[in-house]
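Welcome, and please get your viewer ready for a short walk. At each stop you will be told what to select and what is there.

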Amino acid sequence: MKAWVIEGFGGVEKLRLSDVPEPAAAEGEVVVDVKMAGVNPVDRSTLSGRFDWIRPPFVTGAEFAGVISSVGAGVRGLSAGTRVLVNPKLFCGSCYYCLRGQESACLSNERMSRAPHIIGVSRQGGWRQKAEVPAMNILPIPEGLPTGEACTLGVDGATAWHLVKRSRPKPGEFVLVVGSTGGVGMFAVQIAKMYGCEVAAVVGSSEHAERLKKLGADHAINRNGQKVVEEVRRLTNNRGADVVLDPLGSATFEMSSSSLAPLGRYATCGTLTGTKAELSLLHLYSMQVEYIGSTTFSRADLSDALNAVARRKLIPQIDSKFRFDELPAAMRRLDEHGRFGKVLVELA
Ligand SMILES: NC(=O)c1ccc[n+]([C@@H]2O[C@H](COP(=O)([O-])OP(=O)(O)OC[C@H]3O[C@@H](n4cnc5c(N)ncnc54)[C@H](OP(=O)(O)O)[C@@H]3O)[C@@H](O)[C@H]2O)c1
Ligand SMILES: [Zn+2]
């Protein structure tokens, strides 16, 4: 079978479409015929060598969905032919956090402060025609829901679900979403609306402003024409945003921080533009603001997001679909500004 193998660290030139042996379903695992895979910033990080304990050759791909083709010993309730979404979050099921349904903090992640414990990073992922997956990480896709839409939740949709929940939004609060046209952001806008919030989306063009409003955003602030902090003040009667959801890191931290209202919450799940930021402790205590970290999600988050999409309360936005043999082009699309939503790769 074919797989996109990372042959060394770097850019897409280090990916090679290769023949690899088909996986077998070990005890407690299933094999999934991959039908759709997402490309995500985390895959780019894996390819670049950020997780330098990974030894090439290695197959990444954290977000994928498909059809079960075989079932290992001891697996109950799953059978060949079932359409499934893979939950990439690896968890032990028995630590302090897993027992409380908080798999995102699972203690089995030895590198918790440096890397996510997910399929595609801690073990081989879905950029191949078949992938072996722990049965605990499988969710059947509700009938009628296209595999591509389900796939968008595997990394971004469920992460956004968890991120918004961690920021504790209340009905009527003002939520600013930074990076709102990205994989995480376009879900975050819609989920914040589900909480009954007034949502402002930071966008890069007037075309994206219109699309975000159609998705439910109350306001769109064009970062290329408007001063975001001033616009937030204007829209909130000079109070600021109760919640800022910003997965972009260094480049936008000061803007996001300055947009906060007294008692406001900044929540992040990523550092797309860099990991360092300067936090003023004076601002922290005098404004009584909170800085909240969030990463991955629980099984419940993924299941809730999947149900919300099946019930059309949450609509995934798919920017583009590429064929499997075009995966490097999909990665290049991920690098481009001006996308709207997810980039997917479809397998025959
Ligand atoms: N911890 C986790 O579990 C987890 C899970 C998923 C994602 N993440 C992280 O979350 C971050 C976002 O992921 P994503 O999939 O949403 O990325 P993405 O699809 O590439 O989206 C990036 C978004 O940021 C905007 N943007 C880029 N540079 C910007 C800048 N300098 N100022 C303002 N906006 C800017 C882009 O808009 P334009 O196209 O208009 O520039 C786009 O809307 C990444 O760092 C990713 O690793 C973390
Ligand atoms: Zn655990």
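Start by selecting ligand 1 in this predicted model. Now show its shell: 30 residues surround ligand 1, and the closest are G179, G182, G183, G204 and G270. Colour that shell by secondary structure element, and α1 (41-48), α4 and α8 (250-258) turn out to be the elements that give two or more residues each. Which of the elements gives the most to the shell around ligand 1? That is α4, with three residues. If you switch to colouring by class, you should find 10 nonpolar, 17 polar and three charged residues in the shell around ligand 1.

Next, colour by domain while ligand 1 stays in view. Domain 1 covers 2-151 + 317-346, domain 2 covers 158-293, and because both give residues to the shell, ligand 1 lies between them.

**Along helix α4**

Select residues 153-166, which make up helix α4, and pick out K165 within that helix. Is K165 buried, exposed or partly exposed? K165 counts as partly exposed because it has 18 C-beta neighbours inside 10 Å, where a buried residue would need 20 or more. Try drawing a distance from K165 to G126: the two are 39 residues apart in sequence, and their C-alpha atoms are 28 Å apart in space.

Keep α4 on screen and add helix α5, residues 185-194. The axes of these two helices come within 9 Å and cross at roughly 45 degrees, which makes α4 oblique to α5. As for the hand of the crossing, α4 passes α5 in a right-handed one.

**Backbone stops**

Before the next few selections, a reminder may help. Most residues other than glycine have a negative phi, and most peptide bonds are trans.

Move on from α4 to the loop between α4 and β8 (174-177), and select R168 there. R168 is not a glycine, yet its phi is positive, near 50 degrees. With 14 other C-beta atoms within 10 Å, R168 is partly exposed.

Now go to Q288, in the loop between α9 (281-286) and β13 (290-293). What is the phi of Q288? Its value is near 55 degrees, again positive in a residue other than glycine. Q288 counts as exposed because it has 12 C-beta neighbours inside 10 Å, and 12 or fewer is the cut-off for that class.

The third stop here is a peptide bond. Select P56 and P57 together: the bond from P56 to P57 is cis, with omega near 5 degrees. You will find P57 in the loop between α1 and β4 (64-71).

**Distances to draw**

For the last part of the tour, keep the distance tool at hand.

Select R223, in the loop between β10 (219-222) and α7 (228-235). How far is R223 from V203 in space, C-alpha to C-alpha? The answer is 6.0 Å, although their positions lie 20 residues apart in sequence numbering. R223 counts as partly exposed, with 15 C-beta neighbours inside 10 Å.

Then jump to A115, which sits in the loop between α2 (96-99) and β6 (130-134). A line from the C-alpha of A115 to that of P41 spans 13 Å, and the pair is 74 residues apart in sequence. A115 has 19 C-beta neighbours inside 10 Å, so it counts as partly exposed.

Finish at M331 in helix α11, residues 327-335. Is M331 buried or exposed? M331 is buried, with 21 other C-beta atoms within 10 Å. Draw one more line, from M331 to C92: these residues are 239 apart along the chain, and 31 Å separates their C-alpha atoms.

Terms used: Residues are numbered from 1 along each chain as its sequence is written. Chains are lettered from A and ligands numbered from 1 in the order in which they are written. This is a predicted model: local features need pLDDT of at least 70, side-chain atom pairs count only at pLDDT 80 or more; totals for chains, interfaces and linings use all residues. Helices (H or I, at least four residues) and strands (E, at least two) are DSSP runs, numbered from the N terminus. A residue is near a molecule or strand if its C-beta atom, placed from the backbone, lies within 6 Å of it. Ala, Val, Leu, Ile, Met, Phe, Trp, Tyr, Cys and Pro count as nonpolar, Asp, Glu, Lys and Arg as charged, and the others, Gly among them, as polar. Domain bounds come from an automatic or database domain assignment. Axes are lines fitted to C-alpha atoms, for helices over the stretch in contact, and angles run from 0 to 180 degrees between N-to-C directions. Angles under 35 degrees count as roughly parallel, over 145 as roughly antiparallel, 65 to 115 as roughly perpendicular and the rest as oblique. A crossing is left-handed if the near helix is turned anticlockwise from the far one by less than a right angle, and right-handed if clockwise.
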